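Colleague: I would like a close look at one part of this model, taken slowly enough for a first-year student. Please keep to that part and to whatever connects with it.

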Amino acid sequence: MHRKGIFCTALSALLFGVTPLLGRLTYGMGSNALTLTFYRNALVILPIFLLLRLRKISLRISPRQLATVLAVGILGRGFTTLMLYDSYRFVGIGIATTLHFLYPVFVAVLCRVVFHDRLGRVRLAALVLAGIGVLCFLERDSGPVSGAGLALATISGFTYACYMVCTEKTVIREMDPLVVSFYMAIGVSCAMLAVHIPTHQIVFALPPKAMLLTLLVALCTSFLGVVLFQIGICYLSATTAALFSLLEPIASNLCGILVLSEPVTPAKALGSLIILAAVFLMARFKPAEAADPAAVE
């Protein structure tokens, strides 16, 4: 079960890591952050519904379950994406992305302070390694810096951490991943439409190529990525899942190198190796950690 959780979480991270490249391409065709966030959820509602019908899975959930799914989805999936992309208007992408990918630290703090989870020496060492690795992605020339941008990027990391913790600690953990994804997609789509009413930022008439790329983003993230992550976190703790999710910036970096011919910097190469070392540490030693009497209190 632990290996299954690792596989699903890692594959989810790789899917999420590839999609920023596709999203960036749509921006040059008239799309924007709100449009992409709206469509990446709206476009998967029908496919998930048809799959649920094919598998004869009931959509009936309790009011408590619905309220939890909508709250976690809108905050953790919808507004996390909006805040991260909006932060790029105020600070360089390097700074914003680095601050966002510190979310494993937020996950560990939330689990420790709110739920009194025990970290353990192995997990703590992996967290430290992962934090160092993420900081290596911070480029020297990261563009302008402003308080608003720093706040948006940091809060996006915190809200994503809340999404991870709530997926493990609430009724969502007990629900079918497809059902959760279905209602989250509806909730986030409606929330983005509500944001569109005063801002008029959603571009509904995108070129065919942009819509095709957006559909790929939607299927990779809000369909496959979210479902795989929810399956993975059922077998792993939120802190462990957060660490394996750090494969996402490595995948994004590789896509940039292979597709956009971005330079391979020593710092990013070192950061990738350090993150992989942290991931290997958790994959190799996590099953025995439960028996570790020296777990951090």
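Where in helix 2 does a kink lie, and of about how many degrees?

Modeller: The model is a predicted one, and that holds for everything below. The kink lies at I45 and comes to about 35°. The proline P47 follows shortly after it in helix 2.

The helix can also be checked from end to end. Helix 2 covers residues 33-54, which makes 22 residues. At 1.5 Å a residue, it should therefore span 32 Å. The C-alpha atoms at its ends are 33 Å apart, so the model agrees with the expected span.

Next, the two ends. At the start of helix 2, N32 has a side-chain oxygen within 3.2 Å of the backbone nitrogen of L34. Just after the helix comes K56, whose phi is positive, at about 55°. K56 takes this value although it is not a glycine. K56 belongs to the loop between helix 2 and helix 3. K56 counts as exposed because its relative accessible area is 76%, and the cut-off for that word is over 50%.

There is a second case of this kind elsewhere in the chain. H200 is also a residue other than glycine with a positive phi, near 55°. H200 sits in the loop between helix 8 and helix 9. With a relative accessibility of 62%, H200 is exposed too.

Now the side of helix 2 that faces the protein. A residue is called buried when its relative accessible area is under 20%. In helix 2 the buried residues include the run A33, L34, T35, L36, T37, F38, Y39, R40 and N41. V44, I48 and L52 are buried as well. In general, an α-helix has 3.6 residues a turn, so residues three or four places apart point the same way. The buried residues of helix 2 pack against four other helices: helix 1 (2-27), helix 3 (63-87), helix 8 (177-199) and helix 9 (208-235).

T37 makes a useful example from this list. T37 lies in helix 2, and its relative accessibility is 1%, so T37 counts as buried. Once neighbours within four places in sequence are set aside, T37 is in contact with G78, T81, L82, V188 and M192.

R40, another of the buried residues of helix 2, can be set beside C220. C220 lies in helix 9. Along the chain, C220 and R40 are 180 residues apart, but their C-alpha atoms are separated by 9.0 Å. The residues that C220 touches, not counting those up to four places away in sequence, are L15, T19 and G225.

Last, there is some empty space beside the helix. In general, a probe the size of a water molecule is rolled over the atoms to show where such space is left. The second largest pocket has a volume of about 290 Å³. Its lining is made of 13 residues, and A33, L82, Y85, D86 and Q201 are the ones nearest its centre. Helix 2 and helix 3 each supply at least two residues of this lining. Helix 3 gives the most, with four residues. Two of the names nearest the centre have come up already: A33 is among the buried residues of helix 2, and L82 is one of the contacts of T37.

Notes:
Residues numbered from 1 in each chain as written. Predicted model: local features only at pLDDT ≥ 70, side-chain atom pairs only at ≥ 80, totals over all residues. Heavy atoms only, no water. Expected span 1.5 Å × (residues − 1). Bend = angle between axes of the 7 residues up to and from the residue. Buried < 20%, exposed > 50% of the residue type's maximum accessible area, 1.4 Å probe, protein only. Contact = heavy atoms within 4.5 Å. Polar contact = N/O pair within 3.5 Å; in protein donor to acceptor, adjacent residues only side chain to side chain. 1 Å grid on protein atoms, 1.4 Å probe; cavity = no way out; pocket = protein on both sides within 12 Å on 5 of 7 lines; lining within 4 Å. Points joined across faces, edges and corners; volume = space filled by probe spheres on them.
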